Each structure stands twice: as C-alpha cells, then as structure tokens.
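Colleague: I have a model open on my screen and would like a guided tour. Could you take my questions one at a time?

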Amino acid sequence: RSKVPQRDLELEETPMELGGEQGRWEEERLKTASLSFGAKKEREQGMRKEQEKYQLILEEEEMIDFVSTDQEAPALSQAELKKQSMQEVRRSLPIFPYREDLLAAIQEHQILVIEGETGSGKTTQIPQYLLEDGYTKGGMKIGCTQPRRVAAMSVAARVAQEMSVKLGNEVGYSIRFEDCTSERTVLKYMTDGMLLREFLTEPDLASYSVIIIDEAHERTLHTDILFGLIKDIARFRPDLKVLVASATLDTERFSCFFDDAPVFRIPGRRFPVDIFYTKAPEADYLEACVVSVLQIHVTQSPGDVLVFLTGQEEIEACCELLQERCRRLGSKIAELLVLPIYANLPSDMQAKIFNPTPPGARKVVVATNIAETSLTIDGIIYVIDPGFCKQKSYNARTGMESLIVTPCSRASANQRAGRAGRVAAGKCFRLYTAWAFKHEMEETTVPEIQRTNLGNVVLLLKSLGINDLIHFDFMDPPPHETLVLALEQLYALGALNHLGELTKLDLINIFIITCDKYKCSEEVLTIAAMLSVNNSIFYRPKDKVVHADNARMNFVVPGGDHLVLLNVYTQWLESGFSTQWCYENFIQFRSMRRARDVRDQLEGLMDRIEVEVVSSQGDNVPIRKAVTAGYFYHTARLSKGGYKTVKHQQTVYVHPNSSLFEEQPRWLIYHELVFTTKEFMRQVIEIDSGWLLEVAPHYYKSKELEDSSSKKMPRKQGKTKEELG
Ligand code: CDP
Ligand code: MG
C-alpha cells in the first residue's frame, strides 16, 4: 500500500466551507498556550483594571480555559445595531440585491434550489417578492413550509409586520391544532407536516401557485416525504413553481434529486468568527454554559450571547442558574437579560428574544437548535456551543423509538458558530475539545427518515393512495427493514388489511376507534388528548419542588399514569377550566388548553366516524383495556432489576416521574420510551396479561405471556394482578 502523507495535525485544516464577501472563517491556528480569553482586547479599551476586578468576583466559579485562535473581534458599533425602518431593513438584507435575478430565475425554471446563509432573508423575503411579482393573482396562494412550529409562527408574524397587515389576514400560518389563516390569506407559512395533511384534501395542491420547501437541509421526515410528493405533482402541474430553500448545506443533493434543477446562490455576508475550544472535555456542560456566559459578560465587549442547549428542561435550568448568579453579583455586573426559546414556550415570551437589547445591558438567548438556522436573532456576537442536541433514534430490530441527547454533527456545530458572525466579527466558544470536534462528531446529521418509526408515514402515504412504498421516490430511502416493520405493525393493529391496504387512518384515531368496543370513549378521548401534550402538564419550578411534587401526588390514582392524566383533566374541567386552579395545582395552563383543543378536534373526528361518546362511569378496567387495544405492541413485563419488552426482550425501566415507579406492577403498557440515563418508559399503565390475548390474539401467543414463577419479583408493597385475584 502506498503511504498517504499525513497532514500536520490541526494546523492547516480549515474546518468549514468558506464563503461570503467581507469575511470568511479564519483558518484556525490553535495555540498551545491557553489564556483566559479576551485579555488583549480589554487592554486596548483601557478597561483592564475594571475587568480584573470582575474576574476576581467570578473566581469562586471555576473559570474555563479556552484554547484561542488569534483573531480579534472589532468592537461592535452601536450604530450598526440601531433600529432602522422596516423597509430599510428589508433593503439591507443580503438577498435584496438579487431580487430581480431571483424572480427571473423563478420565471424561467419550474423547480429552483435556493441556497443562502442563514439570516440572508430567504424565509421572510422570497414570499413577499413573489407576491409583489403577481404570483397571488386570482387568489392563488404561496405556501412556505418550516420544520418547526415556532419558526412558522414567528416568521409569519414578522412578515405580517413588514407588510403592515394583521396576522391571519393576508399573511397567516398553520400548525397542528392551530390554524391562523383566513379566506384572504395568500402567504401561508406552515409546518411541513401540515402541508402533508393538505395533500389529503387537495392532492394536486391546486390552490397554490408556489410551494417553498424551506429549511430543506434539516431533512425532517415530513420534508423528505414532501420532496417525493411534490416532485411527482410538479410533473402534471407545469404552472406550479417549486422552490427548495436551504442553508449552505447539501444543495447539490437537492438539485440532483429534482432532476438537476438549477441552484441559485445568494452570497452571504459573514464576518469572521473565532472558534475557541476547551482544553479538556467538560463534565457538566450546563454548568460550563453558565460560567462561560458570565465570563463573557464581565470580560468581553458588548454584543449578545446565544447558548445552544437540547431542550426545555435544560434551558430552564440554565436560565435559573444565570439569574440566580446575577442576583448574587448584584450591581457588580452590568444588566444581563436572560431569555429562553424553545417550542413549548408561550408565544409572547418567544417574541421577546427579538426585542433590541437596551444600551448598557447584554442579552443572553438560551435556545434549542431552533436558533441554529430557523430563527435569526440580530445582535448575536457570542455563541456558546456545548455540542449536543436531542435526536430521535430508532431501532428497527426492536421497534423502539427514543429521544436521545447526542453530540451534534460538525455541520450543526458550524451553523451554530456562524450565528456569531452575522452583524460583526464574533466568537464561538465550543465546550468540547478540538480533538472531539474532529474525531468524535459526525460530519452531518443522518436524515430523520433513516432513524424513525415509519408507522404514521406509511399510513399517510397509503391514505394518499400510494401503495407501493418500496418504490416511492425517496431522496434517501429508509432502511428496508424499518419499512417492513412499520407495515407489519400496522397490519397487526388492523390498520392495513392482508393486501397491505389501508383500513383506518391514524394511530391515535385507531386508538380511539378500538376503544369503541370498551364503552369508554369519553375517557379515552381525554387520555389521547392529554398524551398528545404529555410531559408538559406538570409544572415544577426549582424553588417550589416540594410543593409541586405534593400537588402532583394528589392527582395519583391507582392503575397508572394515563388515569392520572385523566384525573387532572377531569378536575380541571370541574374547576370550569380555571387558570387559577392550574396555578394552585402546579399544572401548566397552556398545555391544558392545548389538550382541550386537541380533545375538541378528536371529538369532532369521533362524530364523523360515528363513534358514540360514552363514559365507563368510573370503572377503569375498560379504559385500561382500551389502552391495551391501542398500544398492545408496547407491552413490558417485570423482570430482574427492571422490565423487559415482551416481543424484543429489551430491558427498560419505569420513569421516576411515573405514578407506578414505586409499585412496579407485573405487566405494563407504555406510551413512549425515552432514553436519558437508561431506557425509560414514560406514561405507563398497569394491565392484565390476559387482556393481550383478548385484544391482539394475532400478535401474541399465550406461551409468551406466561408468568414463570422463577421470574416473580415481588417489590415493596406492590400488588400484582395475580395477588389481587
Ligand atoms: O430565511 P433566512 O435565514 O435566510 O432569513 P430570514 O429568516 O428571512 O431573516 C431575515 C431577517 O429578518 C433577519 O435579519 C432576521 O433577524 C429578521 N427577522 C426578525 O427580525 N424577526 C423575525 N421573527 C424573523 C426574522
Ligand atoms: Mg429561513
């Protein structure tokens, strides 16, 4: 074998795709010496004394040593950040000089791939350009999909503001369970999932003149399916324009998939961003984030901070820690505005992240990766990136889907860093080592379709009459075994007949339909609705943990978490859907309201399919049987040290938040699995193994369900079905 010359480690490699007019990513020159970042800069500003004092204040917190690159960030001119009028802002976006060329290219080609740096104006401007160019004549609509609900809402609100119209009139959005559009709506932002649903009622999307599949690089499951469907309808609707918009990633693949559609590139404006790595891995990245934010706050020149965390819980914890430490430091430090952003945050709180930072203060936005490419917050100069994200992963062999915190990809890390260089030169602090970046992170994120349970997708495609899924035009086909498993499960559920044809529509619908038999549809409706918003029902603020836990305990009823959820809802209903009641019982009002909306919708559905709404009158056996009927393939049996799933013998555990955590009954149905420290079952309900043969005789053999006495594991005061007689 011939030897490949080794490159000098870390010295010459430019870690990311470069581009842009004024700035590019600087080549990294990693210095061996480490320093507390920023020292040189402050000397220039004659502020060093002051800063040293602040550093002393922080000394009790462990300072983090970052390895620095050589570049200095010029101070950010306040003038650059000052508020301009909307139209001026619109004209100042990188996309604006390309307006005419872009419209001409759209005119000329049916399908166009548009690539542009995040924040260049693709999402907010292109639909407006199209509208101004007459694409909505005759009431035709322009649709723009977003993978995330928050992005769809916030972008629509922004565009409505730019056009000085009321949100929901000419500009609207549509996300699951919330339709903010009207007859007049011509610019419609929606989640990719909602556009998929529209195919059900309008398979050729006849009311649209343009479809923009935005954030295509995210490669969500729904976006990937849309690719196949839209490519298909574009063939028989030559008048339909299709735009595939993406951050600067993977655009060649999109072009290739859409029969070599041309790529329109919007040159970005990107200022240099210095990347700093930690010298050693961080044991606790949450704590490291908090320390880094404070370090930046006291040692760095003005500019806002963006922190990437993986989810609501982490974000709330981080915000609380920051606020608490700021309180402790009091007037010794300048004002620090701490703002969270994640999907379940109330929309008025979400809007706050866009408010300009008052002079003298600094803003810290603590976000999920929604801020990676979907949302652009002006004024960010510093990015803190722990290098993690929450990802769905799927094991086709066991049929398990779990949400896992995993290292993000290098592509993600580079997008995150890029957020620091939009308005001026910036800095990105990576809470991992340069070595980890190179050797431990994947190059790109695996498309969701490769790591998900395809049950709902199969149902949707089938309900669109697409029966031959093996030959569906997927950009990256899902693994064959995943597809086969999904078909098997749906067949077992009775959703597909022996020809693989659809018999019923949606998993939760199936759950409801199956419950018809057990005369408890009233309760099952509520449970289904509550499950659809699960995990955000109980409110547990850090400073009132004991009160919150007591309040939660008060809702516990025998049988399992589904019944607890039912109990919460029933009591809330009896309170007259009271906000005060929620407040007193540590229940999230917003989630409850959503559950009520979902419930209303489901009730409408029951009406349409003529399922009678009846109550089991306080008997919980029919309810538990109905859950068993809907989720029989989610069965787990008590075994040594934990539980084992019945079909695949995978070891799983009851989640500590569950009402059955102590009790550990012999047989359980779980609603979902989450992987945190181990594989936990969330929302579990106790069942009788005999019911499994009753509801799914085609799926279980009685032998599989025998309780062998050697496996008996009496725990605590837990009573099993057997003992109960
Ligand atoms: O889609 P792309 O990433 O190319 O950019 P965009 O989302 O259209 O954002 C263009 C500009 O609008 C950015 O400067 C954002 O800061 C601004 N914007 C905003 O101020 N408020 C929003 N809710 C959305 C965008
Ligand atoms: Mg965008």
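Modeller: Gladly, and one definition will help with the hairpins: two strands pair if DSSP finds at least two bridges between them. Please keep in mind that this is a predicted model.

Colleague: Let's use that straight away. How many residues lie between strand 18 and strand 19 in their hairpin, and which residue in the turn has a positive phi?

Modeller: Strand 18 (residues 635-639) and strand 19 are antiparallel and joined by four bridges. In that pairing, A636 is opposite T645 of strand 19. The hairpin has two residues between its strands, and the turn residue with a positive phi, about 75 degrees, is G641.

Colleague: And in the next hairpin, that of strand 19 and strand 20, which residue takes a positive phi?

Modeller: Strand 19 (residues 642-645) runs antiparallel to strand 20 (residues 651-654), with two bridges joining them. Y643 has V652 of strand 20 as its bridge partner. Five residues sit between the strands of this hairpin, and the one with a positive phi, near 55 degrees, is Q649.

Colleague: What do these strands build, and in what order do they run?

Modeller: They belong to a closed barrel of five strands with mixed pairing. From one strand to the next, the twist averages 55 degrees. The order is 18-19-20-22-21.

Colleague: Which strands of that sheet does helix 25 touch?

Modeller: Helix 25 covers residues 620-631 and packs on the sheet. Its direction makes about 55 degrees with that of strand 21. The strands in question are strand 21 (667-675) and strand 22 (679-686).

Colleague: Now the other sheet, please. Which strands stand at the edges of the open sheet of eight strands?

Modeller: This open sheet has mixed pairing and the order 5-4-6-3-7-8-2-9, and its twist averages 20 degrees from one strand to the next. An edge strand has a single partner strand, so one of its sides is left without a neighbour in the sheet. That applies to strand 5 (178-180) and strand 9 (263-266).

Colleague: What is the bridge partner of I175 in strand 5?

Modeller: Strand 4 (residues 171-175) and strand 5 are antiparallel, with three bridges between them. For I175, the partner is E178.

Colleague: At what angle does helix 7 run to strand 4?

Modeller: Helix 7 lies across strand 3 (141-146), strand 4 and strand 6 (187-191). Helix 8 (residues 192-201) also lies across strand 3, strand 4 and strand 6, but runs at about 105 degrees to strand 6. For helix 7 and strand 4, the angle is about 170 degrees.

Colleague: Let's look at ligand 1. Which helix supplies the largest share of the shell around it?

Modeller: There are 16 residues around ligand 1, and K122, T123, T124, R158 and T376 come nearest. By class, the shell has three nonpolar, 10 polar and three charged residues. Helix 6 (122-132) and helix 7 (149-162) each give at least two residues to the shell. The largest share, four residues, comes from helix 6.

Colleague: How do helix 6 and helix 7 lie, and is their crossing left-handed or right-handed?

Modeller: Their axes come within 10 Å and cross at roughly 50 degrees, so helix 6 and helix 7 are oblique to each other. The contact brings T123, T124, P127 and Q128 of helix 6 to V155, R158, V159 and E162 of helix 7; its residues are three nonpolar, three polar and two charged. The crossing is right-handed.

Colleague: And for helix 8 and helix 9, is the crossing left-handed or right-handed?

Modeller: The axes of helix 8 and helix 9 (residues 221-236) come within 8 Å and cross at roughly 40 degrees, which makes this pair oblique. D192, G193, L195, L196 and F199 of helix 8 meet H222, T223, I225, L226 and L229 of helix 9, giving six nonpolar, three polar and one charged residue. The crossing is left-handed.

Colleague: Last one: why are helix 20 and helix 22 described as they are, and what is that description?

Modeller: Helix 20 (residues 521-532) and helix 22 (residues 561-574) have axes 9 Å apart and an angle of about 100 degrees. Among the residues making the contact are I527 and M530 of helix 20, with L565 and Y569 of helix 22. Angles of 65 to 115 degrees count as roughly perpendicular, so the description for helix 20 and helix 22 is roughly perpendicular.

Note on methods: Residues numbered from 1 in each chain as written. Chains lettered and ligands numbered in written order. Predicted model: local features only at pLDDT ≥ 70, side-chain atom pairs only at ≥ 80, totals over all residues. Near = placed C-beta within 6 Å. Nonpolar A, V, L, I, M, F, W, Y, C, P; charged D, E, K, R; others polar. Axes fitted to C-alpha atoms, helices over the stretch in contact; angles between N-to-C directions. Parallel < 35°, antiparallel > 145°, perpendicular 65-115°, else oblique. Left-handed = near helix turned anticlockwise from the far one by under 90°. Contact = placed C-beta atoms within 7 Å.
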